[in-house]
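Please look over the sequence and the structure shown here before reading on. The notes after it are meant to be read with both in view.

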Amino acid sequence: MSSSKTKKLTDQEITAQFNTMKTELQNIAQKIGELESEADEHKAVIDTLSPLNGDRKCFRLVNGVLLERTVKDVLPALQTNHDGVKNIMNNLVHSYKTKEEEFIAFQKEHNIKVISRS
């Protein structure tokens with residue numbers, strides 16, 4: 001069934017779909033990179049604040065507003081944010097792998113060979 005569907009696609013449609021899939025993969029990879037940086041920043045702050053006294057004053061930037069808090073108030077929120085970022089990142093990695101498999105299958109199905117221009 002899929003072979004009759006693929007024969008209906010024109011070369012321009014195949015090229016457009018190929019480019020769309022390639023762009024989606026690049027966008028997901030870029031977002032994963034951004035989230036990795038964010039997770040690293042959260043981890044660095046958590047590592048810095050963890051050994052400090054819980055009653056020590058610290059400041060947190062939330063939506064452009066600098067808030068005065070204590071270490072014991074900020075650490076749980078930072079850990080929750082860090083865990084959330086890691087979870088989203090893991091979901092994106094899974095999504096990337098799935099889309100990459102679809103992309104490779106599409107390339108094979110339409111006999112697409114990428115020639116690098118050096």
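What follows is a short briefing, grouped by topic.

This is a predicted model. Helix α2 covers residues 11-49, and its buried residues pack against helix α3, residues 71-109. The model holds four salt bridges, and a nonpolar surface patch is made by Phe59, Leu61 and Leu66.

**Helix α2 and the annotated region**

- Helix α2 has 39 residues and reaches 57 Å from its first C-alpha to its last.
- That span is close to the 57 Å expected at 1.5 Å a residue.
- An unreviewed UniProt entry carries the annotation "coiled-coil region" for residues 18-45.
- In the model, residues 18-45 are 100% helix and 0% strand.
- The C-alpha atoms at the two ends of residues 18-45 are 41 Å apart.

**The buried side of α2**

- Which residues of α2 are buried? They are Ile14, Phe18, Met21, Leu25, Ile28, Ile32, Leu35, Ala39, His42, Ile46 and Leu49.
- An α-helix has 3.6 residues a turn, so residues three or four places apart point the same way.
- The buried residues of α2 pack against α3.

**Two residues of α3 and their contacts**

- His82 is found in helix α3.
- Is His82 buried or exposed? With a relative accessible area of 10%, His82 is buried, because that value is under the 20% cut-off.
- Leaving out residues up to four places away in sequence, His82 touches Ala39, His42, Lys43 and Ile46. Among these, Ala39, His42 and Ile46 are listed as buried in α2, whereas Lys43 is partly exposed at 39% relative accessibility.
- Asn81 also has its place in helix α3, and at 32% relative accessibility Asn81 is partly exposed.
- Which residues does Asn81 contact, leaving aside its neighbours within four places in sequence? They are His42 and Arg60.
- His42 therefore appears in the contacts of His82 and in those of Asn81.
- The C-alpha atoms of Asn81 and Thr98 are separated by 26 Å, and the two residues are 17 residues apart along the chain.

**Salt bridges**

- Side chains of opposite charge can pair when their charged atoms come close.
- How many salt bridges does the structure hold? There are four, including the three described below.
- The side chains of Lys31 and Glu34 meet in a salt bridge, at 3.6 Å from N to O. Both residues lie in helix α2, three residues apart, which is about one turn of the helix.
- Lys31 is partly exposed, with a relative accessible area of 40%, and Glu34 is also partly exposed, at 40%.
- Asp47 and Lys43 form another salt bridge through their side chains, at 3.2 Å from N to O. This pair too lies in helix α2, with the residues four apart, about one turn of the helix.
- Asp47 is partly exposed at 45% relative accessibility, and Lys43 is partly exposed at 39%.
- The side chains of Lys72 and Asp55 also meet in a salt bridge, at 2.9 Å from N to O. Lys72 lies in helix α3 and Asp55 in the loop between α2 and β1, so this pair ties together parts that are 17 residues apart in sequence.
- Asp55 counts as exposed, at 54% relative accessibility.

**The nonpolar surface patch**

- Which residues make the nonpolar surface patch? Phe59, Leu61 and Leu66 make it, and its area is about 360 Å².
- Leu61 is found in strand β1, residues 57-62.
- Leu61 counts as exposed because its relative accessible area of 61% is over the 50% cut-off.

**Two asparagines with positive phi**

- Asn63 has a positive phi of about 50°, although it is not a glycine.
- Where is Asn63 found? Asn63 is in the loop between β1 and β2, and β2 covers residues 65-70.
- Asn63 is exposed, at 80% relative accessibility.
- Asn111 has a phi near 50°, again a positive value in a residue other than glycine.
- Asn111 is found in the segment after α3 and is exposed, at 57% relative accessibility.

Key
Residues are numbered from 1 along each chain as its sequence is written. This is a predicted model: local features need pLDDT of at least 70, side-chain atom pairs count only at pLDDT 80 or more; totals for chains, interfaces and linings use all residues. Side-chain values use heavy atoms; hydrogens and water are left out. UniProt positions are given in the numbering used here, feature names are shortened, and annotations may be inferred rather than shown by experiment. The expected span of a helix is 1.5 Å times one less than its number of residues. Buried means under 20% relative accessible area, exposed over 50%, partly exposed in between (1.4 Å probe, protein chains only). Contact means heavy atoms within 4.5 Å. Patches are made of residues with over 30% relative accessible area and no salt bridge: like charges are joined within 9 Å, nonpolar side chains (Val, Leu, Ile, Met, Phe, Trp, Tyr) within 5 Å. Accessible areas come from the Shrake-Rupley method with a 1.4 Å probe; for residues, only the protein chains shown count as cover.
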